[in-house]
Number of protein chains: 2
Amino acid sequence: MANFPTTLENLINELTKMPGIGRRSAQRIAFYILNVPRTEIQKLVSSIVKAKESICFCKVCNNLSDKETCSICQDQTRQRNSLCIVEGPSDVAVIENSSTFKGMYHVLLGSLAPLEGKGPEDLKINGLLQRIKNEQIKEIIIATDADTEGETTALYLTKLLQPTGVKITRIGLGIPMGSNIEYADSHTLSRAFEHRKEVKS
Amino acid sequence: MANFPTTLENLINELTKMPGIGRRSAQRIAFYILNVPRTEIQKLVSSIVKAKESICFCKVCNNLSDKETCSICQDQTRQRNSLCIVEGPSDVAVIENSSTFKGMYHVLLGSLAPLEGKGPEDLKINGLLQRIKNEQIKEIIIATDADTEGETTALYLTKLLQPTGVKITRIGLGIPMGSNIEYADSHTLSRAFEHRKEVKS
């Protein structure tokens, strides 16, 4: 298969390691890298190196950050007594994008998956109880995924945090906006009925 | 949209410039870059830099090469009087992979697309006539794509090279192996009839 020069084959192989990139996409990206001006490649390489060097986890909430404490934890204008627990940094990003939540986050950096051997010790829950006490949290919103792992994690957290006496809520599970009930699966429908909410005119 | 630290946003933006990579894929790749060991990233970055620095076009056939002349042009065991004209280096790679052709190549680095303003001057046809004469080519196989641009290019090359007196052939156009005539489009079918070949028992 040495049809391309070795350095190009090496590049294609390295690119194939990236998630979602097969041999064909890697080849297209490699040709892009060969064709694009050198300055563009310098920008690409320096952005990789800089991100790798500067990004760490916020020491308070475990969100991605380029400082010790992330911008959300530093933001004094946020509602500091509301804590949203999520699985990963991309969840924070997507919730922030929706502008619906103005409180604080706690990122677990994972979810419980007993079958894969991922237990509570693999999640960042150390100091969560302490944080809830110190920061005088009034509501804990569990926003883990609606899949098996996320649900297991939500259940575990509920049991763990119940003794704090703080109000614990789970984000609404049900029919996504814009979709038809006709096409909803039975699992989603059953959750939608559980999560029904009283309406008043 | 500054939900991620700036350096991470920069990385995602740079990744989005790559072909076939949208915001979501870029985000996944960025997280991969953050999670993977530092040595892996050094390998990725050095493969990008090395490929960018070392890969050039072969001065004989315009194929990608890490030397002045590519490995195919240097290979003295190949059938040097048969010349296959293709649009790009990936065409060479895929033909080489099929092990059906043992001759030489000429890479045009493009195809004629009058509507996009791409004319013969944008193709590497300089020196092609000279090459055909010097290397005593006996057969020219036109292996440009079977799309409008490729067909236009094939027509142009046929007219250009006819005066050399060398036998010019176009690769077979028709029903791809493993597919049903029932599902073939009429354009492909009409070409398949044009490219029909006498069979003998």
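**Exercise 1. Is Ile33(A) buried or exposed, and what is its relative accessible area?**

This is a predicted model, in which local features need pLDDT of at least 70 and side-chain atom pairs count only at pLDDT 80 or more, while totals for chains, interfaces and linings use all residues. Residues are numbered from 1 along each chain as its sequence is written, chains are lettered from A and ligands numbered from 1 in the order in which they are written, and side-chain values use heavy atoms, with hydrogens and water left out.

*Solution.* Begin with the place of the residue: Ile33(A) belongs to helix 2 of chain A, where helices (H or I, at least four residues) and strands (E, at least two) are DSSP runs, numbered from the N terminus. Next take the accessibility: Ile33(A) has a relative accessible area of 0% and is therefore buried, a word that stands for under 20% relative accessible area, with exposed meaning over 50% and partly exposed in between (1.4 Å probe, protein chains only). Then list the neighbours: leaving out residues up to four places away in sequence, Ile33(A) touches Leu11(A), Leu15(A) and Ile41(A), and from the other chain Ile48(B) and Lys52(B), where contact means heavy atoms within 4.5 Å.

**Exercise 2. Describe how chain A is related to chain B.**

*Solution.* Start from the general idea that two copies of a chain are related by a rotation about an axis and a shift along it. Here a turn of 179 degrees and a shift of 0.0 Å along the axis lay chain A on chain B with an RMSD of 0.1 Å, which is the relation of a two-fold axis; the superposition is by least squares on the C-alpha atoms of residues with pLDDT of at least 70 in both copies. The same surface serves both copies, since 100% of the contact residues of chain A recur in chain B. Finally, look for the residue of chain A that comes closest to the rotation axis: this is Val45(A), with its C-alpha at 3.1 Å.

**Exercise 3. Find which residues touch the most other members of the largest nonpolar core, and which elements contribute to that core.**

*Solution.* A nonpolar core is a set of buried Ala, Val, Leu, Ile, Met, Phe, Trp, Tyr and Cys residues joined through side-chain atoms within 4.5 Å. The largest one holds 46 residues, and those touching the most other members are Leu8, Leu15 and Ile48, in chain A and in chain B alike. The elements that give two or more residues to this core are helix 1 (6-16), helix 2 (23-35) and helix 3 (38-54) of chain A, together with helix 1 (6-16), helix 2 (23-35) and helix 3 (38-54) of chain B. Take Leu8(A) as an example: not counting residues up to four places away in sequence, Leu8(A) touches Ala30(A), Phe31(A) and Leu34(A), as well as Ile55(B) and Leu64(B).

**Exercise 4. Work out the order of the strands in the open sheet of chain A, and describe what surrounds strand 3.**

*Solution.* Four strands of chain A form this open sheet in the order 4-3-5-6, and their pairing is parallel; two strands pair if DSSP finds at least two bridges between them. Strand 4 (104-107) and strand 6 (167-170) stand at the edges with a single partner strand each, so one side of each is left without a neighbour in the sheet. Four bridges join strand 3 (residues 82-86) to strand 5 (residues 139-142), and strand 3 and strand 4 likewise pair over four bridges. Within strand 3, Cys84(A) has Ile141(A) of strand 5 as its bridge partner and stands opposite Tyr105(A) in strand 4. Five of the five residues of strand 3 are buried, so this strand is largely enclosed by the rest of the structure. Ser82(A), Cys84(A) and Val86(A) point one way from strand 3, whereas Leu83(A) and Ile85(A) point the other way.

**Exercise 5. Examine the aromatic pair formed by Phe4(A) and Phe31(A).**

*Solution.* Rings of Phe, Tyr and Trp (its six-membered ring) pair if their centres lie within 6.5 Å, and planes under 30 degrees apart count as stacked, over 60 as edge-to-face and the rest as tilted. Four aromatic pairs are found over all chains. Phe4(A) and Phe31(A) lie 5.8 Å apart centre to centre with 85 degrees between the planes, and the pair is edge-to-face. Phe4(A) sits in the segment before helix 1 of chain A and Phe31(A) in helix 2 of chain A, 27 residues apart, and the pair thus links distant parts of the chain. Phe4(A) counts as buried at 5% relative accessibility, and Phe31(A) counts as buried at 17%.
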